[in-house]
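Student: Could you take me on a close look at the place where two helices from separate chains meet? I would like to follow it step by step.

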Amino acid sequence: MVTGRIFDLQDLSVQDGPGIRTTAFLKGCPLRCRWCCNPEGQAEAFDLQYLEGLCRLCRQCLEVCPLSAVRIGADGRPRFLRDICRRCPDKPCLEACHGRALRASGRETRVGEITRLIDANMAYYRNSGGGLTLSGGEPLRQPAFARALVDACRRRDLSVGLETCGDFDWSEVEDFVGAFDFVYFDLKCFDNERHRRFTGRSNALLLANFRRLAGLAALRMTVTLTLVPEVNDHPKEWSALARLCRETGVRRVRLLEYHDLGREKYRSLGRSFAFPEGLGLKKTVKPACAKFLRSKGLKIERE
Amino acid sequence: MAAKGKEHFGEREIRKQPSTKRVRNMLARYLSSPLMIDVEYIRRYTEAHRRSEGLSPLERRAECHASALEGLTPVIRDGEPFVGSKTRFVRGAIPYCNYACRFVLSEFKREEAEYQDKVIDLGTGGGIAKARELSAGGDYEFFGKKFLLAKSDKPVLKACAEYFQGKCMQDVGDALWKAEAERADYIEKGWKAGLYTAPHDPAPEGRYVLDFETALKDGFEKIIGRMRAKIASAKPDESGAAEKIAYWKSGIRVLEGTIRWAGAYAAEARRLAKAEKSARRREELLEIARVCDKVPAKPPKTFREAMQAFWFIYLAGHIEGSQLGYSPGRFDRYMVSFYRADLKAGRITKAAALELLEALRVKMTEIEYVASFSWEGLGSGNLFQNMILGGLDDKGRPADNELSLLVLQSAINCQTTQPTLSIWYDERLSPAFLRKAVDCVKTGCGFPAWFNTKVYIEHESRKSGLPVPMIRKYAAMGGCTEPTMEGMSYGVVQAGFINHGKLLELAMHGGVDPRTGLEFEKTAPPENYAGLRAAYETHLKSAISNWQKYWNQVMVGHRRTCNLVYSSVLVRDCLERGLSLDDGGARVNGTPTTLSSGLVNVTNALAAVKKLVDDDGKTTFAELLEACDKNWKGFGRLHRRVLDAPKWGNNDDYVDSVYDELYHVYCDAVERQVNYLGKPYDPSMLAISTHTPFGKVCGATPDGRAAGESLADGVTSPMPGTDVRGPLAVLHSAGKIDHTRIRGGLHNMKFHPSVLHGCAGGRKLLDLIKTYFQTPGFQIQFNVVDSRMLRDAQAHPDRYRDLIVRVAGFSAFFVELGKSVQDQIIARTEHQW
């Protein structure tokens with residue numbers, strides 16, 4: 001049985017794609033977008049999340065830790081040596097914590113676990129035209145797992161969707177990537193220097209993948225553009241996007257706005273939010289962008 | 001965050017206001033009016049009672065009510081398109097001393113009316129705040145913590161209450177059950193321990209629907225004629241003939257009094273017309289006078305006349321009894337013919353009809369209810385008037401029509417708490433109607449609630465044996481979530497609930513309540529799952545049977561003192577049979593239910609014991625008991641394990657099967673006993689707001705709940721924070737039980753507005769309902785709000801005066817709810833993605 005790593009499974013996910021859906025969040029993403037609101041999905045390995053508000057200062061984590069990776073700070077709260085935690089096989093602290101303040105983000109799962117859930121929910125999908133959506137992280141970085149899930153849906157004649165950032169190895173997914181019923185393709189920024197600076201990687205691979213995928217499924221694709229201050233909140237970026245869409249035949253864009261609601265998650269992971277605080281998107285940006293893209297013949301979703 | 005104001009929150013997608021200035025003014029008047037006690041009715045009732053000694057109980061009741069009703073001051077407020085007010089005040093309540101006088105007297109003594117009142121808190125915002133402001137002026141006094149009573153009315157009310165000592169339903173009923181019930185001590189201990197909700201002093205009538213169809217079609221004069229004919233043809237030598245004649249005479253007295261009451265409004269309208277400066281309003285008042293002379297004596301012809309007739313017929317029943325759950329039934333079915341005829345004849349426009357329906361919402365919300373405040377805390381002042389739309393006709397075809405749509409639109413426009421709307425759901429209801437219903441959900445008012453027609457039809461046909469076509473056509477809702485047959489069934493539900501949490505505690509402690517030390521049945525101290533379950537079942541069965549026996553005695557007292565005459569004439573078969581409601585005259589007498597709440601907590605506790613003690617051997621029951629007694633202090637590790645044990649609402653058969661078994665144990669136990677009308681009791685489960693006070697009297701329980709924490713609400717809603725596998729898993733769990741066994745039941749789901757956004761969001765909601773009802777679930781209702789918004793409303797009630805949320809089976813103004821109920825609403829798992 002094929003296994004994979006996920007960090008969440010969400011039922012009744014009604015915002016992404018048609019009908020009532022279940023979204024599987026596959027763990028691991030090569031990009032490190034500074035505004036990412038799912039930082040717990042970035043690393044391939046398991047992450048320890050510490051939810052301060054739930055902590056009862058019971059120190060059970062300190063007591064049960066087999067690797068001596070816990071220190072207690074002056075405030076009585078635990079600090080975790082997370083590089084060590086990541087290698088911990090049993091993670092006894094998760095079950096020992098009195099307040100359920102410790103959580104593993106990321107776990108191994110089998111395709112069977114997900115198909116069982118799908119089968120239980122089948123009537124809800126059938127009545128609404130919904131199904132399964134693979135999201136992440138970058139789901140196509142786990143090609144075998146993703147392929148097995150797509151196959152499982154195909155066998156059930158069930159809709160299966162994809163949310164991708166495009167940063168995957170085409171040769172590994174070529175055989176099934178055209179089979180998705182819809183694809184939300186996340187594009188950040190066309191200026192490669194800025195792309196590198198804000199995401200840690202070049203945009204060359206993902207733009208190439210965009211063109212390849214559009215060759216198979218342009219009409220089933222929607223670009224997701226999250227408007228982020230400095231990164232892509234200006235017309236130059238938008239016209240580059242419009243050009244790409246025209247060249248590839250992709251017709252729809254979903255516009256989202258940068259928010260910092262994920263800030264707490266960074267804290268729980270022992271990381272700091274890498275995006276400057278208080279940097280908000282001007283209210284005029286999204287309408288302006290929508291107007292521009294519409295003038296280029298693109299259809300805007302969920303404005 | 002709160003300071004930033006509303007733009008910070010997810011906006012409610014749909015927000016409207018009443019369509020005309022007239023209704024906007026009515027709503028504004030309502031929102032700024034204080035809650036008042038009006039003594040007029042009870043003063044007149046008491047006077048009549050003093051002079052009517054010697055009449056049979058039914059005739060005396062008729063005389064008292066009719067003479068009180070026909071002498072009420074008619075109040076016509078500025079701009080009202082149809083008239084009739086329960087009291088002289090916009091928001092007025094009648095203190096029914098004939099039902100219960102003790103809480104009135106103890107209120108005067110500034111005593112805590114009931115032991116349990118200590119654990120119930122009331123709201124402080126809105127109209128209640130207004131009352132506080134006025135009482136500071138000096139002419140008024142506070143009554144029942146949120147009402148105002150004119151200082152000059154105080155001696156009147158006191159005299160009424162004193163007169164009814166020993167005569168009111170409560171005192172007569174108490175004398176009976178204390179003498180007759182086998183285990184009277186059990187009931188009293190049950191109240192003290194919090195095993196039951198407070199005693200029956202508010203004695204709520206209700207949970208039924210009048211036969212509006214016949215009353216509108218024939219008019220009261222024809223019904224009176226029928227009774228006269230019955231009397232004329234009664235054979236004096238027949239057994240029971242004298243009682244039957246007394247019944248018909250009582251009925252005639254009350255209907256004639258009701259016609260005179262309407263006539264007083266006609267006179268008042270004419271008087272006002274004379275003084276009216278605006279020509280338009282003068283015309284209107286004269287038209288009102290004409291209509292009030294006609295209805296309800298004669299059948300209405302136009303929609304306007306029918307609205308006035310409906311309101312008189314409905315309101316008169318509201319005045320006769322201390323009603324809760326008394327409802328208008330299938331309004332869209334029995335009113336649509338008037339609307340259609342008017343449209344066809346060009347007598348009315350859609351807009352004009354909409355205005356009337358919006359005004360009706362304000363009028364229905366104006367009716368207030370006063371009781372000892374232990375009940376106030378539970379019901380949050382709501383009268384549970386439930387208007388149900390859609391459904392099927394007798395042939396099984398979808399029955400929604402153009403008036404159903406208009407009623408929904410009136411609720412979208414005119415956001416008041418009453419009446420709550422419900423939908424008898426069927427997949428074939430028209431798309432336009434379903435879409436409009438979703439729009440109404442999107443306003444965030446918490447209704448309509450959705451009910452599965454198929455499930456109820458199966459329940460009712462099994463219980464009462466009525467033909468299916470009749471059930472389809474007349475299935476209605478009497479109260480928050482309890483179905484009833486419109487115009488043909490009767491049942492004063494037990495004015496109390498059984499606390500499953502307390503039963504669990506008794507089982508854990510060998511039959512002793514740990515909080516009060518009171519001893520109930522002795523049961524063996526449990527050591528494992530089987531022991532705990534057996535002890536729980538023992539306590540459950542005796543709590544149910546003692547409560548039912550007690551209530552049957554109380555209802556004997558009801559029959560002697562407060563039997564409903566008006567409703568007895570307007571519920572099918574009473575008139576034919578010559579029998580009042582309390583004598584079993586209604587066509588269906590199996591409606592009385594036995595209510596309970598907290599089964600989810602018991603289920604989770606039993607599952608935890610099964611898992612940790614029996615299966616895993618990780619702990620002993622003794623250790624678990626000690627941990628609960630110490631409220632988990634020093635047992636952090638164990639508490640964690642308990643919380644990790646399987647919980648209801650995650651589609652986990654390990655625990656869901658426990659729920660299913662207990663559910664049948666409960667239903668079997670309830671059905672074992674016969675009600676005061678000679679039919680088996682019907683099981684029901686809901687919470688209203690009992691889960692909060694019930695939780696307060698319970699210590700920590702092995703489901704991981706801390707001492708004093710609220711129990712789970714609803715019937716199938718999970719304990720907040722324990723449903724970790726998402727909302728579909730919750731619905732899978734809820735769909736596993738046989739909903740056809742109970743009369744009523746509810747399932748709460750809360751959505752962030754963004755989930756339902758747009759057409760697609762609305763369609764998904766409908767698909768969700770459709771699928772859940774295929775499982776088949778019975779009921780589902782939605783809160784579309786944002787918990788941040790609710791917290792802000794808690795902090796700044798003045799900014800959120802109009803914010804309505806759904807609490808259990810009813811909607812309420814959020815700012816008027818007690819803080820603990822507010823907290824519970826906020827905590828209810830918010831489904832936001």
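Tutor: Let's look at one helix pair and then at the chain contact around it. This is a predicted model, in which local features need pLDDT of at least 70 and side-chain atom pairs count only at pLDDT 80 or more, while totals for chains, interfaces and linings use all residues. Residues are numbered from 1 along each chain as its sequence is written, and chains are lettered from A and ligands numbered from 1 in the order in which they are written.

Our pair is helix H4 (residues 111-128) of chain A and helix H31 (residues 758-774) of chain B; helices here are DSSP runs of H or I with at least four residues, numbered from the N terminus. Their axes come within 9 Å and cross at roughly 135 degrees. Axes are lines fitted to C-alpha atoms over the stretch in contact, with angles from 0 to 180 degrees between N-to-C directions. H4(A) and H31(B) are therefore oblique to each other (under 35 degrees is roughly parallel, over 145 roughly antiparallel, 65 to 115 roughly perpendicular, and the rest oblique).

On H4(A), the contact is made by Ala123(A), Tyr124(A), Asn127(A) and Ser128(A); H31(B) brings Lys764(B), Asp767(B), Leu768(B), Lys770(B), Thr771(B) and Gln774(B). Being in contact means that C-beta atoms, placed from the backbone, lie within 7 Å.

Now for the wider setting: 21 residues of chain B are in contact with 19 residues of chain A. H31(B) gives the largest share of the side of chain B that touches chain A, seven residues.

Technical notes
Helix = DSSP H or I, 4+ residues; strand = E, 2+ residues; numbered from the N terminus. Contact = placed C-beta atoms within 7 Å.
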